[in-house]
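Me: I'm new to reading protein structures, and I'd like to go through one with you. Could we take it step by step?

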Amino acid sequence: MLAPSPGARPPGVTRLPDVPSIEVPPARRARTSVLDAVGDTPLIAVTGFLDDPTVRLHVKLEAANPGGSAKDRPAVAMIDQAIASGRITRSTVIVESTSCNTGIGLAQACRFYDLRCILVVDERARPQNVAIMRALGAELDVVATPTDPNVDLLAARLARVATLVAEFDDVHWPDQYSNPANPRAHATGTMAEIDAALDGHVDVVFVAVSSTGTLGGCLDHIRGRELPTRVVAVDAYGSVLFGGTRAPRIIPGLGAGRLPALAQGRAVERLVRVSDLDCVVGCRRIARSDALLVGGSAGGVLQAVRGMQAELAGLRCVVIAADSGHRYLDTVFDDGWVERTLGCPPDRLAELVGTVTTARL
Ligand SMILES: Cc1ncc(COP(=O)(O)O)c(C=O)c1O
């Protein structure tokens with residue numbers, strides 16, 4: 001039998017003596033549910049990645065969300081907002097197009113509320129991510145690569161969503177590409193947390209773009225608080241966002257094949273485009289320099305910062321790392337995949353990753 005702990009209630013005593021309350025930091029309080037655990041992600045100082053030690057770099061580790069990515073935030077926000085407005089009831093079927101992370105966030109929220117969830121993904125979806133969505137109870141609809149080269153995979157997914165929406169009487173398509181709850185979740189969550197953690201002293205925030213929800217949310221918070229923070233959008237070569245020209249892209253989550261409604265009317269002060277190989281190099285380098293396993297888009301964003309170092313001397317910068325390297329072990333972190341898919345042999349990759357200073361003891 002377990003011995004009673006020193007503070008255990010003695011038999012017959014119904015009330016515990018008062019104990020002094022302690023200040024519990026928000027990130028350590030007990031959560032009421034998995035959805036309540038979304039947000040309050042850590043902001044981590046990165047000290048070995050850059051060559052210039054005067055650039056103070058932090059990474060916002062969105063992989064710490066329970067679904068493993070930044071997309072937990074808009075997923076919960078979009079579902080909660082639709083429940084609050086009466087748009088979603090117990091019988092509503094949720095349908096969404098996703099490149100995986102939004103799907104995982106939605107599958108999680110829908111399972112929590114016991115809502116039927118159908119997610120439309122394309123053939124680029126990694127089997128492991130599909131398995132996560134299925135494990136969370138979602139039904140998966142996988143769209144094959146279109147035969148018409150002018151139709152990209154996102155367009156094919158959206159066409160399938162339209163078909164599904166027409167099939168059900170009580171159906172809701174959150175549409176992360178146009179839903180204002182998407183940027184709002186990042187304005188009140190991601191960027192507000194960065195602002196609070198650094199007391200408003202943020203010179204530059206670097207954001208990967210796809211639906212542009214994260215970017216829009218950061219811009220809205222910065223404008224609302226009148227912060228002097230500048231935002232750098234990091235997009236993929238081959239993405240059509242911000243005047244880009246469509247071309248094949250491999251790393252998921254970065255870039256867009258069509259202009260999302262959320263991006264319309266949004267101007268960016270600074271845009272940097274990165275290649276699939278940049279994403280790999282950034283992921284490999286931060287794994288070595290700071291023991292952080294980040295996902296492909298975050299690797300690309302980090303390489304963008306590395307490329308701009310000369311402009312960032314003395315500044316405090318934040319990179320929002322949308323997901324974890326755990327989801328990219330068989331791609332970004334696999335030498336064979338990198339050589340076969342991106343044509344970069346391991347010795348060349350090692351050169352690009354470069355040497356890092358890790359003497360911390
Ligand atoms: C890994 C990853 N990085 C970046 C993004 C871009 O975020 P947003 O859709 O807010 O532009 C996404 C979006 O799905 C993502 O999954």
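Here is a friendly set of questions and replies about this model.

Me: Before we begin, what kind of model is this?
Reply: Good place to start! Keep in mind as we read that what you are looking at is predicted.

Me: Which domains does the domain assignment give for the chain?
Reply: One domain is made of two stretches of the chain, 35-61 and 203-351. The other is a single stretch, 72-172. The assignment calls them domain 1 (35-61 + 203-351) and domain 2 (72-172).

Me: How many residues of domain 2 are in contact with domain 1, and what separates the centres?
Reply: Taken over C-alpha atoms, the centres of domain 1 and domain 2 are separated by 25 Å. The two domains do touch: on the side of domain 1, 13 residues take part. These residues of domain 1 divide into 5 nonpolar, 4 polar and 4 charged. On the other side, the number of residues of domain 2 in contact is 17.

Me: Where does the ligand's shell lie with respect to the two domains?
Reply: The ligand is surrounded by 19 residues, and the closest are Ser 211, Thr 214, Gly 253, Ser 297 and Ala 322. By class, this shell has 2 charged, 5 nonpolar and 12 polar residues. Domain 1 and domain 2 both give residues to the shell, so the place of the shell is between domain 1 and domain 2.

Me: Which helix supplies the largest share of the shell around the ligand?
Reply: Two helices each supply at least two residues of the shell: H2 (101-113) and H6 (213-225). The largest share is 3 residues, and the helix that supplies it is H6.

Me: Is Ile 79 buried or exposed?
Reply: Let's find it first: Ile 79 is in helix H1 (residues 72-84). A residue counts as buried if 20 or more other C-beta atoms lie within 10 Å of its own. Ile 79 has 27 of them within 10 Å, so Ile 79 is buried.

Me: How far apart in space are Ile 79 and Cys 110?
Reply: Leaving aside neighbours within four places in sequence, Ile 79 is in contact with Ile 88, Ala 109, Cys 110, Tyr 113 and Pro 174. Along the sequence, Ile 79 and Cys 110 are 31 residues apart. In space, from C-alpha to C-alpha, the distance between Ile 79 and Cys 110 is 7.9 Å.

Me: Which helix gives the largest share of the largest nonpolar core?
Reply: This core has 94 residues, and those with the most contacts inside it are Val 205, Phe 206, Val 207, Val 234 and Val 319. Domain 1 and domain 2 both give residues to this core, so it lies between them. The largest share, 6 residues, comes from helix H7 (residues 276-290).

Me: What does Val 319 touch, not counting residues up to four places away in sequence?
Reply: Val 319 is among the residues with the most contacts inside the core. Its partners, with those residues up to four places away left out, are Leu 57, Val 59, Phe 206, Ala 298, Val 301, Leu 302 and Val 305.

Me: How many residues of strand E7 are buried?
Reply: Look at the two faces of E7 (residues 204-208) in turn. On one side, Val 204, Phe 206 and Ala 208 are buried, and on the other side Val 205 and Val 207 are buried too. The number of buried residues in E7 is therefore 5 of 5.

Me: In E8, which residue stands opposite Val 205?
Reply: E7 and strand E8 (residues 230-236) run parallel and are joined by 5 bridges. E8 is largely enclosed by the rest of the structure, because 6 of its 7 residues are buried. One bridge partner pair is Val 204 and Arg 230, while the residue of E8 opposite Val 205 is Val 231.

Me: Which strands stand at the edges of the open sheet of 4 strands?
Reply: The order of the 4 strands is E5-E4-E3-E6, with parallel pairing. An edge strand has a single partner, so one side of it is left without a neighbour in the sheet. The strands at the edges are E5 (139-143) and E6 (171-172).

Me: Is Asp 114 buried or exposed?
Reply: Asp 114 lies in the loop between H2 and strand E4 (116-122). Although Asp 114 is not a glycine, it has a positive phi of about 60°. There are 8 C-beta neighbours inside 10 Å, and a residue with 12 or fewer counts as exposed, so Asp 114 is exposed.

Terms used
Residues numbered from 1 in each chain as written. Predicted model: local features only at pLDDT ≥ 70, side-chain atom pairs only at ≥ 80, totals over all residues. Near = placed C-beta within 6 Å. Nonpolar A, V, L, I, M, F, W, Y, C, P; charged D, E, K, R; others polar. Domains from an automatic or database assignment. Contact = placed C-beta atoms within 7 Å. Core = buried A, V, L, I, M, F, W, Y, C linked by C-beta atoms within 7 Å. Pairing = 2+ DSSP bridges.
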